[in-house]
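Take a look at the chain below. Turn it around before you read on.

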Amino acid sequence: MIYGIVGNLLYAMASPMVKMIYLHNKDISSYEILYWKSLSMMAMNFMFVRSFGVFVMDVPKEYRNILVFRALIGYLGVQGLWVSVKFMPVSTASCIFFTLPIWSALYAWIFIKENLNKADIGLMLFAFLGVIVINNPWEEVDSSKLEEKQNILIGSAFALSGAIFGAFAILCMRIMRNMHYSISPFWFASGCTLWSPIVHSF
């Protein structure tokens, strides 16, 4: 539990830092930021894995396809969040993106038959209601603020898609729970390092 709390606190620091980079350099893209972040993450994870006496190639055969899928879907999840903060405030983007645990619980119930009680379902509905309230589609906007409203809607779409894709990545890690937990982040970082320049070239 303590690892989850620390991990979330540290992960939450990434979005404000990305926003500051956008404000400092408006021409930089999320692909460039994710490339350098993933490259450093890959190097650190390799050393982290080795500290446990494990090798990054120690991937059971039955998990290899899932690992590739996790890297791709995780890449889309992170991109969704980091693109969203370019269009909207970090606080709003984060509120929408962190519906991710709700999607994770839903996917776990659908795909691996984990329990989901009535309280969980009720909380999911409140979370989605919160997303609607944040975007306030009923608000009347004058022409001077129309572009800002459009940016918030675009950012919301990216943040929500990031949560949906990110939840699939969490599901993949749950499925691969019998593999050492330090291996999956290395391959996730490797996938992001590979795909960022490819997608950016288009």
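What follows is a walk through the pockets, then one helix, then one residue.

Keep in mind that this model is predicted. Start with the empty space. Rolling a probe the size of a water molecule over the atoms shows where such space is left. The largest pocket has a volume of about 1,700 Å³. Its lining takes in 39 residues. Five of them lie nearest the centre of the pocket: Gly7, Tyr11, Met41, Arg70 and Pro185.

Which helices build this lining? Helix 1 (2-12), helix 2 (14-24), helix 3 (30-51), helix 4 (64-87), helix 6, helix 8 (146-175) and helix 9 (183-200) each give at least two residues to the largest pocket. Helix 1 supplies the largest share, seven residues. Now sort the lining of the largest pocket by class. There are 26 nonpolar residues, 10 polar ones and three charged ones.

Move on to the second largest pocket. The space in it comes to about 210 Å³. Helix 4 and helix 9 each supply at least two residues of its lining. Helix 9 gives the most, with five residues. Among the lining residues of this second pocket are Met57, Val59, Arg64, Trp187 and Trp195. By class, the lining of the second largest pocket splits into eight nonpolar, two polar and one charged residue.

Next, pick out helix 6, which covers residues 100-111. How far apart should the ends of its 12 residues be, at 1.5 Å a residue? The expected span is 16 Å. The end C-alpha atoms of helix 6 are 16 Å apart, so the model agrees with the expectation.

Now ask which residues of helix 6 are buried. They are Leu100, Ile102, Trp103, Ser104, Tyr107 and Ala108. A general rule helps in reading such a list. An α-helix has 3.6 residues a turn, so residues three or four places apart point the same way. After helix 6 comes Lys113, with a positive phi near 60°.

Finish with a single residue, Ile134. It is found in helix 7, residues 118-135. Is Ile134 buried or exposed? The answer lies in between. Its relative accessible area is 34%, so Ile134 counts as partly exposed; buried would need under 20%, and exposed over 50%.

What does Ile134 touch, apart from neighbours within four places in sequence? Ile134 is in contact with Thr92, Cys95 and Ile96. Ala93 is another residue to find. Ile134 and Ala93 are 41 residues apart in sequence. In space, their C-alpha atoms are 9.7 Å apart.

How values were computed. Residues numbered from 1 in each chain as written. Predicted model: local features only at pLDDT ≥ 70, side-chain atom pairs only at ≥ 80, totals over all residues. Heavy atoms only, no water. Helix = DSSP H or I, 4+ residues; strand = E, 2+ residues; numbered from the N terminus. Buried < 20%, exposed > 50% of the residue type's maximum accessible area, 1.4 Å probe, protein only. Contact = heavy atoms within 4.5 Å. Expected span 1.5 Å × (residues − 1). 1 Å grid on protein atoms, 1.4 Å probe; cavity = no way out; pocket = protein on both sides within 12 Å on 5 of 7 lines; lining within 4 Å. Points joined across faces, edges and corners; volume = space filled by probe spheres on them. Nonpolar A, V, L, I, M, F, W, Y, C, P; charged D, E, K, R; others polar.
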